[in-house]
Structure formats: structure tokens, C-alpha cells
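These are my notebook entries on a structure I went through element by element. I wrote down what I looked up and what I found.

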Amino acid sequence: MDAMPATELAFRNDAYARNCTARVIGTDDRGIRLDRTVFYPTGGGQPGDIGSLHLDDGRVIAIVDTVKGDGPDDVLHVPTEGSALPAVGMAVTAEIDWARRHRLMRMHTCLHLLCAVVIGDVTGGQVGDGKGRLDFNLPDTQLDKEAITAELNRLIQEDHAVRPRWIADDELAAQPELVRTMSVKPPTGQGRVRLLDIDGVDLQPCGGTHVSRTGEIGPVEVTKIENKGKQNRRINLAFLS
Ligand SMILES: [Zn+2]
């Protein structure tokens with residue numbers, strides 16, 4: 001058995017990379033593996049990227065989803081059903097659907113702001129295309145839609161810098177208050193954890209893709225606050241434009 005398949009995750013250091021050149025390192029019935037990729041695999045409430053692989057021989061394979069495979073750095077590019085798979089070793093250009101990804105990055109970053117505005121443990125969430133939601137463990141049923149909307153838009157207009165940085169596992173263990181989500185534990189055990197730092201606003205472990213300044217999110221609104229059980233408040237957001 002070979003070592004666990006590993007892909008260089010280009011989106012980790014540069015969320016704005018739209019394409020990269022790569023080589024096919026494997027294929028199976030779940031998808032296509034590359035030695036490096038700009039495609040984000042489904043995880044942490046953010047959907048996997050869609051896009052295309054442009055092969056050296058001129059063929060184009062449409063990618064309809066991206067998912068995690070067998071290890072922490074194993075990424076599977078899921079082709080349209082019935083696609084002819086590329087040969088191992090083939091050179092490709094991997095290109096994401098950037099317009100969609102940018103909308104996901106904007107909403108994902110906005111959900112971090114929501115964590116700073118609403119004080120309570122996050123029990124779940126989902127980034128969608130043009131919308132998003134977080135579930136909070138809160139007894140308070142008096143959450144004010146307009147007040148939360150105003151506060152989010154203020155943080156967006158203040159245009160705070162957004163940066164990923166890394167922290168050692170033991171440093172994180174010493175600061176448990178950094179972990180805002182009860183359902184999704186940060187992936188420790190690799191020695192370090194990636195934190196997302198929104199300057200002066202929010203700091204928490206996150207492996208997703210984000211915009212580099214809050215101003216890039218654009219105007220948003222709270223569309224609905226739902227009571228999903230005694231303690232569970234679901235806050236739904238959407239872009240205004
Ligand atoms: Zn994030």
C-alpha cells in the first residue's frame with residue numbers, strides 16, 4: 001500500500017487562485033486526484049468547488065463537485081457522470097468556477113462576522129450560494145433581525161483585514177475560548193491548526209476560503225431567525241445584491 005494520497009492545497013495560502021497547472025496522480029470511481037489543486041473540497045460548512053480540468057490533449061472535463069478522499073490532504077475532483085477519465089501523469093490546468101467561489105468566500109467570511117455579533121455557541125452552519133446560516137445554542141428568543149443586520153453591515157463597511165494564520169495544537173488547547181463551534185472540532189493532531197483572524201473582530205479555527213477584507217462581502221441582511229428547538233436559534237443571511 002502506498003502512502004496516503006496527498007494533494008498540494010493551493011487555496012490554503014491563496015484563496016484568490018482561480019487556476020493552477022497540475023498532474024493527474026490517480027483516478028477511481030469517486031473522482032480524479034491531482035498533485036496540486038485550487039479546488040476546495042466540501043468541508044466546514046462550505047460546499048466543494050465546481051469548474052473544469054483542461055487536458056493537454058485539448059479535452060475538457062467538467063467538475064461538478066469536489067470532496068475529501070482518504071486522508072486530510074486527499075482531494076477528489078468529481079467529473080460529470082460518464083466522463084472519460086484522464087491518464088495518470090497527464091498535465092492539466094485546473095480551473096474553478098470563480099464567480100461562484102467568490103460568492104461562497106464572501107458569505108463564508110460573513111458567517112464569521114455573525115459569530116462576533118451573536119454571542120453563543122455555534123452548533124452548525126452552512127455556506128450557500130448567495131445565502132448562509134448559522135445555528136446558535138441560545139435560550140434567547142428575542143434576537144432582533146434589524147439590529148443584527150445593522151451590526152453586520154457596520155463590520156462590513158469598516159473593511160477589516162481578514163488573514164489566515166497558524167497556531168500550534170498546544171497553544172490552541174491553552175485557549176479553548178477560540179473554538180466557537182461545538183459540533184465541528186478543529187482538526188488537531190497534525191501539530192498546528194489554521195486560524196482565521198478578522199482584525200479586531202473575530203478569531204477562530206477555520207480551514208475554509210475567505211475574502212481578504214470585510215468590505216468585499218458587500219451589503220447583507222438577516223432574512224429569517226428560526227427557533228429550531230428550545231435552545232437552537234437559526235439565523236439566515238442573504239446578500240442584498
Ligand atoms: Zn472560515
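**Entry 1: the loop after α3**

I began with His-160, where the backbone oxygen of Asp-199 lies 2.9 Å from a polar atom of the side chain; I count a polar contact as a pair of N or O atoms within 3.5 Å, where within protein one must be able to donate a hydrogen and the other to accept it, and residues adjacent in sequence count only if both atoms are side-chain atoms. For the record, this is a predicted model, in which local features need pLDDT of at least 70 and side-chain atom pairs count only at pLDDT 80 or more, while totals for chains, interfaces and linings use all residues. Residues are numbered from 1 along each chain as its sequence is written, and side-chain values use heavy atoms, with hydrogens and water left out.

I placed His-160 in the loop between α3 and β11; helices (H or I, at least four residues) and strands (E, at least two) are DSSP runs, numbered from the N terminus. His-160 has a relative accessible area of 17% and is therefore buried, where buried means under 20% relative accessible area, exposed over 50%, and partly exposed in between (1.4 Å probe, protein chains only). Not counting residues up to four places away in sequence, His-160 touches Leu-155, Ile-198, Asp-199, Val-201, Ser-212, Arg-213 and Thr-214, with contact meaning heavy atoms within 4.5 Å.

In this loop between α3 and β11 (162-168) I also looked up Asp-159, which has a positive phi of about 55° although it is not a glycine. Its relative accessible area of 29% makes Asp-159 partly exposed.

**Entry 2: helix α3**

I checked the length of α3 (residues 145-157): its 13 residues should span 18 Å at 1.5 Å a residue, and the end C-alpha atoms are 18 Å apart, which agrees; the expected span is 1.5 Å times one less than the number of residues. Which residues of α3 are buried? I found Ile-148, Thr-149, Leu-152, Asn-153, Leu-155 and Ile-156. Seen down the axis of α3, these buried residues fall within an arc of 160°, so they line one face of the helix; the arc is that of the directions from the helix axis to the C-beta atoms. As a reminder, an α-helix has 3.6 residues a turn, so residues three or four places apart point the same way.

On the other side of α3, Glu-146 and Gln-157 are exposed, whereas the cover over the buried residues includes α2, β14 and β15 (232-239). At the N-terminal end of α3 I found Asp-144 as the cap, with a side-chain oxygen 3.0 Å from the backbone nitrogen of Glu-146.

**Entry 3: the zinc site and helix α2**

Which residues are the protein donors of the zinc ion? They are His-108 (NE2), His-112 (NE2), Cys-206 (SG) and His-210 (NE2), lying 2.0 to 2.1 Å from the ion; donors are N, O and S atoms within 2.8 Å of the metal (3.2 Å for Na, K and Ca), and water is not among the atoms, so sites may look incomplete. The four donor atoms subtend angles of 101 to 123°, and the arrangement is therefore tetrahedral, a term that requires all angles among four donors to lie between 85 and 135 degrees. Along the chain, the donors follow the spacing H-x3-H-x93-C-x3-H. His-112 in helix α2 (residues 98-117) and His-210 in the loop between β13 (202-205) and β14 (220-227) link distant parts of the chain, 98 residues apart, and both of these histidines are buried.

His-108 also lies in α2 and is buried, with a relative accessible area of 5%. Leaving aside neighbours within four places in sequence, I listed the contacts of His-108 as Gln-46, Val-127, Cys-206, Gly-208, Thr-209 and His-210.

As for the helix itself, α2 has 20 residues and reaches 29 Å from its first C-alpha to its last, close to the 28 Å expected, and 16 of these 20 residues are buried. Asp-97 caps the N-terminal end of α2, with a side-chain oxygen 3.4 Å from the backbone nitrogen of Ala-99.

**Entry 4: strand β9**

I ended with Gln-126 in strand β9, which at 34% relative accessibility counts as partly exposed. A polar atom of the Gln-126 side chain lies 3.2 Å from the backbone oxygen of Gly-45.

Note on methods. Four donors count as tetrahedral if all angles lie between 85 and 135 degrees; four count as square planar and six as octahedral if opposite donors are over 155 degrees apart and all others between 65 and 115; anything else is irregular.
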